[in-house]
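Subject: Handing over a structure, with notes

Dear colleague,

Here is the structure that I promised to pass on to you. Please open it beside this message, and then read the notes below it at your own pace.

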Amino acid sequence: MKTKAIFAGSFDPFTLGHLDIAKRAARFFDEVTIAISTNTSKETLFTPEERFEYIQTIIEEAESSKNIHVILHTSGLTVELAEEQGAQAMVRGLRSVKDMEYEMDIASMNKTQNENVETVFLMADEKYRFISSSMIKEIAQFDGDITGMVPTLIATKMKEKFQK
Ligand code: ADP
């Protein structure tokens, strides 16, 4: 049996922390699918199509990422998507105790919806644990330095977005 995992998120924007989690998950799952949520209530900086295009390019160019795929998740619950894709697990990254409290609630709720799908937590790498998409947006908006926090393509696209 192939082991498959879904790594879902809004990825607005996709950071080096997200990339690290996807790549680490791809070391022990046969396949990892990055599912970009489009049904978020949050207003996003990049459109779903933009996020899809950028993440796809980043994954194609990254090392050891052949078993990572990117999709747009347009509607429905992540557990349903996992079931549809034949995935046994959903991967989440943990940066702090605050993340853990929030993520535990989501994981428990997901279990009530489908008890066959497990949530697997990976601790954020020490280098990336302070990075969040919302902070990246705030810094970039005021022309701050986001090198070393996001892939180069994202840094370029953010510059373009905020110069408009
Ligand atoms: P959501 O809107 O679903 O919270 P995000 O795009 O913010 O989506 O995050 C998706 C997942 O990536 C979450 O599990 C989150 O905890 C994790 N994550 C976010 N930033 C980092 C980081 N710097 N290092 C590791 N994991 C992270």
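What is the volume of the largest pocket? In this model, which is predicted, the largest pocket has a volume of about 1300 Å³. Its lining is made up of 44 residues, and those that lie nearest the centre of the pocket are G9, S10, K42, R92 and Y102. If you would like to find the pocket by its helices and strands, the elements that give two or more residues to the lining are β1, α1, β4, α4 and α5, the last of these running over residues 133-141. Among these elements, α4 gives the most, with eight residues. Sorted by class, the lining of the largest pocket has 14 nonpolar, 20 polar and 10 charged residues.

The ligand sits in this largest pocket. Two or more residues of the shell around the ligand come from each of β1 (4-9), α1 (16-28), β4 (89-94) and α4 (97-113). The shell has 17 residues, of which S10, F11, G93, Y128 and I131 come nearest to the ligand, and by class it has seven nonpolar, five polar and five charged residues.

Which atoms of the ligand lie close to polar atoms of I131, H18 and E103? At I131, a polar backbone atom is 2.9 Å from a nitrogen atom of the ligand. The other two involve side chains: an N or O atom in the side chain of H18 is 3.3 Å from an oxygen atom of the ligand, and a polar side-chain atom of E103 lies 3.5 Å from a ligand oxygen atom. On its own, the ligand has 560 Å² of accessible area, and the protein covers 89% of that area.

There is also a second largest pocket, and its volume is about 230 Å³. The residues that line this second largest pocket include A140, Q141, D143, G144, D145, I146 and T147, and also A155, M158, K159, F162 and Q163. The elements that give two or more residues to this lining are α5 and α6 (152-163), and the largest share, five residues, comes from α6. By class, the lining of the second largest pocket has five nonpolar, four polar and three charged residues.

Finally, please look at two details of the backbone. Most peptide bonds are trans, and most residues other than glycine have a negative phi. The peptide bond from D12 to P13, however, is cis, with omega near 5°, and P13 has its place in the loop between β1 and α1. In S64, a residue other than glycine, phi is positive, with a value near 45°. You will find S64 in the loop that lies between α2 (48-61) and β3 (68-73).

With best wishes,
Your colleague

Note on methods:
Residues numbered from 1 in each chain as written. Predicted model: local features only at pLDDT ≥ 70, side-chain atom pairs only at ≥ 80, totals over all residues. Heavy atoms only, no water. Near = heavy atom within 4 Å. Polar contact = N/O pair within 3.5 Å; in protein donor to acceptor, adjacent residues only side chain to side chain. Areas by Shrake-Rupley, 256 points an atom, 1.4 Å probe, with all protein chains shown as cover. 1 Å grid on protein atoms, 1.4 Å probe; cavity = no way out; pocket = protein on both sides within 12 Å on 5 of 7 lines; lining within 4 Å. Sits in = over half its atoms within 2 Å of the grid points. Helix = DSSP H or I, 4+ residues; strand = E, 2+ residues; numbered from the N terminus. Nonpolar A, V, L, I, M, F, W, Y, C, P; charged D, E, K, R; others polar. Points joined across faces, edges and corners; volume = space filled by probe spheres on them.
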